[in-house]
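Hi everyone, thanks for coming. I'll take a few minutes to walk you through a protein chain, and then we'll zoom in on one spot in it.

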Amino acid sequence: MKFRVGVAAFLAVLCLGACGQSSESPGSTDGESTSAAQSADSGEESKGTLNVLFMSGVYADSARSMTEEFKEKTGYDVEVNDVPFASFHETAMLDFASQAGSYDVVAVNLSWLGEFAPHLEPLDARVEESGMDVSGFIPAVYDACKWDGVLYGFPKAPTPNMMAYRTDLIETPPTTYEEYMEMAAQFNNPDEGMYGISIPGKKEQYAVLYLVRSWAMGADVADEDWNVIVNGEIGRQAMEQLGEVTKYSDPAGLSWGLEESINAFIQGKAAFCEAWPTLGIIQSADDPEQSQICGNWAIAPFPEEKTGLKQMSIWCVAVSNYSKQKDIAFEWIKDYSSLENQERFYDEFGILPSYTSFWEKDEIKNSIVGPLGEGLQKCLPKWRIPVSAELDSIMANAVSSYMSGQMDLDETMEFFESELTRALENNPPPEGSKNDTAIAIENALQEAQQQ
């Protein structure tokens, strides 16, 4: 399947997690939103302006693409404010702390849900009153936008973390990390500018790459009762394995964001790519104007090791508890989350839909994104407790220090263990709660042993 994505959308994709500034919508001046400018040009009187906060790149672009239609339907302009991932959490929390309600709608990364929940409008009653049919959502994905049994948003972009590989070089992707390293070594040729693996080295990606390995090997960073176990055998093994990747990657990769990592892969300079395939590869790898590997790539799971579990990213589109326009904000997130719009966002921006019916289509199952649908069947979200954002920061600092050689393995794991223990003590999980991730990993291990 080909995506109808132009160069501008491609550049916006590459900004995800890498750009340091917001991108304004085409035709806007001095931060004026596209929809507001269109309203002024048409002479139509606006009922008001809805402010939406989305991550820069295709997510913000998808929100902008429906502003004109929403204005025609409701009379409200929509200003889409976009912020890079690295500063998104801080931007949202500053607005929540002030209770200013600068943003009526906020996109919430799943791992922040427990922290953000007190600042979000509960949606269960609104869904019931509106008669909205939510049965079409993938159940596990829909439920992921609930905290303590309460719905706080509608899901978008459910994505299992998988990697891309070169099909002209690799017949069958690896199922163990030992196989992975052997294949990476086979194609690693720095003198020719070719490497085994392309990695996104910036810190915000490190937490993901560590968890991918640790969960597959059979352990979370804490047990089901939140006791920190990261410095155990599996935690150390996962960190060592991630460090080994640097042997077969461009030395500059430790400073790369998603843009550089993806570009290296589609320019034919790596056999594997560990950047999220949905954030640029599926949109551009088959475009001959941008890619040197057209038709010679595919998506595969990271090595499945003992459990086969994958890390899943989801964003929840939510209404701020401090919005003064909650009714119209709910209408906007309902429209944004409709099956019709989610399928359009897939066609135009490569954003994966949250609906079961989409993944059941034969043309999707047999397409380049088919493996992502399969991957959603065996995925885990990151923690959603209030300390989750701090965990990401701790994990990123630990992995970064190890991969760059600033700390050896013992120093890294001791730092990781002590900082995570401190964070959990200072901001403990809700009383009586269990670490569902650790429980799911243990269940997967038991199932594997029985097979």
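I'll begin with the whole chain and finish with a single arginine.

One thing up front: what you're looking at is a predicted model. Okay, so what is this chain built from? Its secondary structure comes to 21 helices and 12 strands. The radius of gyration is 22 Å, close to the 22 Å that the globule rule gives for 451 residues, so the chain is as compact as a globular protein of that length. If you put a box around the C-alpha atoms along the principal axes, that box is roughly 65 × 55 × 40 Å.

Now, how much of the chain is tucked away? Of the 451 residues, 58% count as buried. And if you take the contacts with a separation of 6 or more, 78% of them come from residues 24 or more positions apart. As for the outside, the accessible surface is about 18400 Å², and carbon and sulfur atoms own 45% of that.

On to charges. There are 29 positive side chains and 72 negative ones, and the centres of those two sets lie 2 Å apart.

Right, let's zoom in on R213. You'll find R213 in helix α10, which covers residues 203-217. Is R213 buried or exposed? R213 has a relative accessible area of 0%, and because buried means under 20%, R213 counts as buried. So who does R213 meet in there? Its side chain makes a polar contact with the side chain of E274, at 2.7 Å. Beyond its neighbours within four places in sequence, R213 also touches other residues, including Y177, Y180, L242 and F302.

Note on methods:
Residues are numbered from 1 along each chain as its sequence is written. This is a predicted model: local features need pLDDT of at least 70, side-chain atom pairs count only at pLDDT 80 or more; totals for chains, interfaces and linings use all residues. Side-chain values use heavy atoms; hydrogens and water are left out. Helices (H or I, at least four residues) and strands (E, at least two) are DSSP runs, numbered from the N terminus. Buried means under 20% relative accessible area, exposed over 50%, partly exposed in between (1.4 Å probe, protein chains only). A polar contact is a pair of N or O atoms within 3.5 Å; within protein, one must be able to donate a hydrogen and the other to accept it, and residues adjacent in sequence count only if both atoms are side-chain atoms. Contact means heavy atoms within 4.5 Å. The radius of gyration is taken over C-alpha atoms; the globule rule is 2.2 Å times the number of residues to the power 0.38. Accessible areas come from the Shrake-Rupley method with a 1.4 Å probe; for residues, only the protein chains shown count as cover. Lys and Arg count as positive and Asp and Glu as negative; His and the chain ends are not counted. The place of a charge is taken as NZ of Lys, CZ of Arg, CG of Asp or CD of Glu.
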